[in-house]
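Let's work through a few short exercises together. Keep the picture open and try each task before you read its solution.

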Amino acid sequence: MGFTIGGIREIRSGARRRGRSFRSSECTAVAEYTGLWGWDVVRGARAAGGACSCGRLDCPAPGAHPLEFAPPIPAGATLDEVSAAWAELPGAAVMLAVGRAFDAIEVAEPVGRRALARMERMGLPLGPVTAAPDGRVHFFVAPGAAAELPGLLYRMGWDDPAGLDLRGLGPGTYLTAPPSDRAGLGPARWLRSPALDTADPPEARLLLGTLAYVAHRFRG
């Protein structure tokens with residue numbers, strides 16, 4: 001399936017409605033992701049009125065997936081390179097490719113906020129943390145965490161990881177990044193922004209005990 005000319009036109013017209021300053025801030029954010037943090041970025045679809053800009057009438061995830069016809073913007077891309085890429089699809093969403101520079105642990109937002117506050121009080125090492133408008137929070141952790149998550153939880157004594165509502169995201173998944181909208185629900189936002197001291201995300205095991213504990217308490 002893939003894109004349609006109408007889908008491209010809709011993306012471009014949406015970008016014109018938002019104006020030049022939005023495009024500039026978006027390109028700056030992407031250049032920071034690629035050039036400063038070493039993350040791969042892909043251009044994603046947007047949703048409006050329940051329809052996806054990819055052009056598929058039967059799209060299973062409107063406004064929440066990469067545009068398959070748009071090549072990735074690799075880690076190391078400069079602002080000029082990012083601007084040139086965004087000029088081709090200026091209204092696309094910013095999405096981060098998971099699995100190379102980081103994996104992510106996804107939890108419900110109430111759990112994520114409580115766990116984050118607890119981790120900060122405990123002085124645990126933390127990487128970036130995002131909140132999506134669909135009520136999910138993502139903790140950036142070292143690559144490989146998604147595959148290791150069930151085993152780590154089991155060894156910590158949590159024999160029902162599904163009941164904790166903790167999900168590991170690894171290769172082949174994508175996170176909508178600030179300042180972009182996801183699924184027409186609103187923008188993604190940082191709960192903990194990337195910083196020089198969090199350039200290398202922590203090992204999942206350092207955070208998982210707190211996440212599991214708070215998830216269990218919240219469920220109970």
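Below are four exercises on this predicted model, each with a worked solution.

**Exercise 1. Describe the protein as a whole.**

Step 1: Begin with the secondary structure, which comes to seven helices and ten strands.

Step 2: Turn to burial. The protein has 220 residues, and 47% of them count as buried.

Step 3: Look at the surface. About 10500 Å² is accessible, and carbon and sulfur atoms hold 54% of that area.

Step 4: Check how the chain meets itself. Of the contacts with a separation of 6 or more, 79% are between residues 24 or more positions apart.

**Exercise 2. Find threonine 34 and decide: is it buried or exposed?**

Step 1: Locate the residue. Threonine 34 sits in helix α2, which covers residues 20-36.

Step 2: Apply the cut-off. A residue is buried under 20% relative accessible area. Threonine 34 has 1% relative accessibility, so it counts as buried.

Step 3: List the partners. Beyond its neighbours within four places in sequence, threonine 34 is in contact with Trp39, Val41, Ile73, Pro74, Ala75, Gly76, Ala77 and Val82.

Step 4: Follow the side chain. It reaches the backbone oxygen of alanine 31 at 3.3 Å. The cut-off for a polar contact is 3.5 Å.

**Exercise 3. Do the same for cysteine 27, and see where aspartate 80 lies from it.**

Step 1: Cysteine 27 also has its place in helix α2.

Step 2: Its relative accessibility is 9%, so cysteine 27 counts as buried.

Step 3: Leaving out neighbours within four places in sequence, cysteine 27 touches Leu79, Val82, Ser83 and Trp86. You met Val82 before, in the list for threonine 34.

Step 4: Compare sequence with space. Cysteine 27 and aspartate 80 are 53 residues apart along the chain, while their C-alpha atoms are separated by 9.0 Å.

**Exercise 4. Explore the largest pocket: which residues lie nearest its centre?**

Step 1: Start with the space inside the largest pocket, about 190 Å³.

Step 2: Now the lining. It is made of 15 residues, and those nearest the centre are Glu106, His138, Tyr174, Leu175 and Arg182.

Step 3: Ask which elements contribute. Two or more lining residues come from each of β6 (129-131), β7 (136-141), β8 (167-169) and β9 (174-176). Strand β9 gives the largest share, three residues.

Step 4: Sort the lining of the largest pocket by class: six residues are nonpolar, four are polar and five are charged.

Note on methods
Residues numbered from 1 in each chain as written. Predicted model: local features only at pLDDT ≥ 70, side-chain atom pairs only at ≥ 80, totals over all residues. Heavy atoms only, no water. Helix = DSSP H or I, 4+ residues; strand = E, 2+ residues; numbered from the N terminus. Buried < 20%, exposed > 50% of the residue type's maximum accessible area, 1.4 Å probe, protein only. Polar contact = N/O pair within 3.5 Å; in protein donor to acceptor, adjacent residues only side chain to side chain. Contact = heavy atoms within 4.5 Å. 1 Å grid on protein atoms, 1.4 Å probe; cavity = no way out; pocket = protein on both sides within 12 Å on 5 of 7 lines; lining within 4 Å. Points joined across faces, edges and corners; volume = space filled by probe spheres on them. Nonpolar A, V, L, I, M, F, W, Y, C, P; charged D, E, K, R; others polar. Areas by Shrake-Rupley, 256 points an atom, 1.4 Å probe, with all protein chains shown as cover.
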